[in-house]
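Open the model in your viewer and set it to a cartoon view. The tour goes from the whole chain to one helix pair.

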Amino acid sequence: MSIGENIKNLRIEDNLSQQKLTNAIGVNQKAIDYWERGINKPKASYILLLADYFNSSCDFLLGKEK
C-alpha cells in the first residue's frame, strides 16, 4: 500500500476526520487530503509526527512493513 492509503486506513480505524488529524499534527486539511489521494507525499517531519500519533512505525506508513 502507499503512504496515503496507510494514513487514510489508520485515520478511519481511529474514527478521525481529516480535520481532527490536521489539528493533531499541525497541517491543513488540504495537505492530508492530498496525501491520502496520492497527489503529494508528506515530508519526513510529518511522517514522524504521524507515526507517533498513530503509535506506528515510519516503515509501516511508508509501506515497508505489513
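Here are the stops, in order.

**Stop 1: the whole chain.** This is a predicted model. Select the protein chain and colour it by secondary structure. Five helices appear, and zero strands. Read from the N terminus, the order of elements is α-α-α-α-α. The radius of gyration is 10 Å, close to the 11 Å that the globule rule gives for 66 residues, so the chain is as compact as a globular protein of that length. Turn the C-alpha trace: along its principal axes, the span is about 25 × 25 × 20 Å.

**Stop 2: surface and interior.** Switch on the surface. The protein chain exposes about 4,300 Å². Carbon and sulfur atoms supply 47% of that area. Of the 66 residues, 33% count as buried. Now look at contacts between residues at least 6 apart in sequence: 49% of them join residues at least 24 apart.

**Stop 3: two helices.** Select residues 18-25, which form helix H2, and residues 44-53, which form helix H4. How far apart are their axes? The distance is 10 Å, and the packing angle is about 110°. Angles of 65 to 115 degrees count as roughly perpendicular, and H2 and H4 are therefore roughly perpendicular to each other.

**Stop 4: where they meet.** Show side chains. On the H2 side, pick Leu21, Ala24 and Ile25. They meet Tyr46, Leu49, Leu50 and Tyr53 of H4. Which kinds of residue make up this contact: nonpolar, polar or charged? Seven are nonpolar, with no polar and no charged residues in the contact of H2 with H4.

Terms used: Residues are numbered from 1 along each chain as its sequence is written. This is a predicted model: local features need pLDDT of at least 70, side-chain atom pairs count only at pLDDT 80 or more; totals for chains, interfaces and linings use all residues. Side-chain values use heavy atoms; hydrogens and water are left out. Axes are lines fitted to C-alpha atoms, for helices over the stretch in contact, and angles run from 0 to 180 degrees between N-to-C directions. Helices (H or I, at least four residues) and strands (E, at least two) are DSSP runs, numbered from the N terminus. Angles under 35 degrees count as roughly parallel, over 145 as roughly antiparallel, 65 to 115 as roughly perpendicular and the rest as oblique. Contact means heavy atoms within 4.5 Å. Ala, Val, Leu, Ile, Met, Phe, Trp, Tyr, Cys and Pro count as nonpolar, Asp, Glu, Lys and Arg as charged, and the others, Gly among them, as polar. The radius of gyration is taken over C-alpha atoms; the globule rule is 2.2 Å times the number of residues to the power 0.38. Buried means under 20% relative accessible area, exposed over 50%, partly exposed in between (1.4 Å probe, protein chains only). Accessible areas come from the Shrake-Rupley method with a 1.4 Å probe; for residues, only the protein chains shown count as cover.
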